[in-house]
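Visitor: I am new to this structure. Please take one part of it and look at that closely with me.

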Amino acid sequence: MKDLETNVDSPKLGFALFSSLHLHEKDPQDKKVIICDEKLKKIFEGKDRDGFLEIAKLIGPHFL
């Protein structure tokens with residue numbers, strides 16, 4: 001992934017995050033669900049899988 005600026009606004013971060021997530025394995029039954037590897041589990045509260053909407057909710061509080 002391209003180097004990001006130190007101070008990034010919400011839309012730029014969201015685009016970078018979701019672009020990266022699209023490279024991960026998705027649930028074959030529901031393409032909106034990411035199957036988390038060990039690195040993603042650390043970020044997404046230890047969940048084995050998470051949907052794009054839930055991920056957006058997790059990062060939302062970091063942008064006040």
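Guide: Start with L40. Setting aside neighbours within four places in sequence, L40 is in contact with L21, H24 and I34. Two of these partners, L21 and I34, sit with L40 in the largest nonpolar core. That core has seven residues in all. Its other members are C36, F44, F52 and I55. Keep in mind that this is a predicted model.

Now place the core in the fold. The protein has three helices and two strands. Along the sequence they run α-β-α-β-α. Helix α1 covers 10-21, and L21 belongs to the core. Strand β1 spans 33-35, and I34 is another core member. Helix α2 takes in residues 38-43; L40 is part of the core too. Strand β2 is made of residues 49-51.

Strand β2 holds D50. Is D50 buried or exposed? D50 counts as buried because its relative accessibility is 4%, and the cut-off for buried is under 20%. Leaving out residues up to four places away in sequence, D50 touches K32, V33, I34, C36, F44, I55 and L58. Among them, I34, C36, F44 and I55 are members of the core. So the buried D50 has contacts with several residues of that core.

Next, go to the loop between α1 and β1. D27 is found there. D27 has 12% relative accessibility, so D27 also counts as buried. Beyond residues up to four places away in sequence, D27 touches V33, I35 and R49. V33 and I35 fall within strand β1, residues 33-35. R49 falls within strand β2, residues 49-51. V33 is also on the list of residues that D50 touches.

Turn back to helix α2, and to E38. E38 lies in that helix. At 54% relative accessibility, E38 counts as exposed, because the exposed class begins over 50%. E38 and D48 are 10 residues apart along the chain. Their C-alpha atoms are separated by 8.7 Å.

Finally, step back to the whole protein. Buried residues make up 20% of its 64 residues. D27 is one of the buried residues, and D50 is another. The protein exposes about 5,100 Å². Carbon and sulfur atoms supply 58% of that area. Take the contacts between residues at least 6 apart in sequence: 21% of them join residues at least 24 apart.

How values were computed: Residues numbered from 1 in each chain as written. Predicted model: local features only at pLDDT ≥ 70, side-chain atom pairs only at ≥ 80, totals over all residues. Heavy atoms only, no water. Helix = DSSP H or I, 4+ residues; strand = E, 2+ residues; numbered from the N terminus. Buried < 20%, exposed > 50% of the residue type's maximum accessible area, 1.4 Å probe, protein only. Contact = heavy atoms within 4.5 Å. Areas by Shrake-Rupley, 256 points an atom, 1.4 Å probe, with all protein chains shown as cover. Core = buried A, V, L, I, M, F, W, Y, C linked by side-chain atoms within 4.5 Å.
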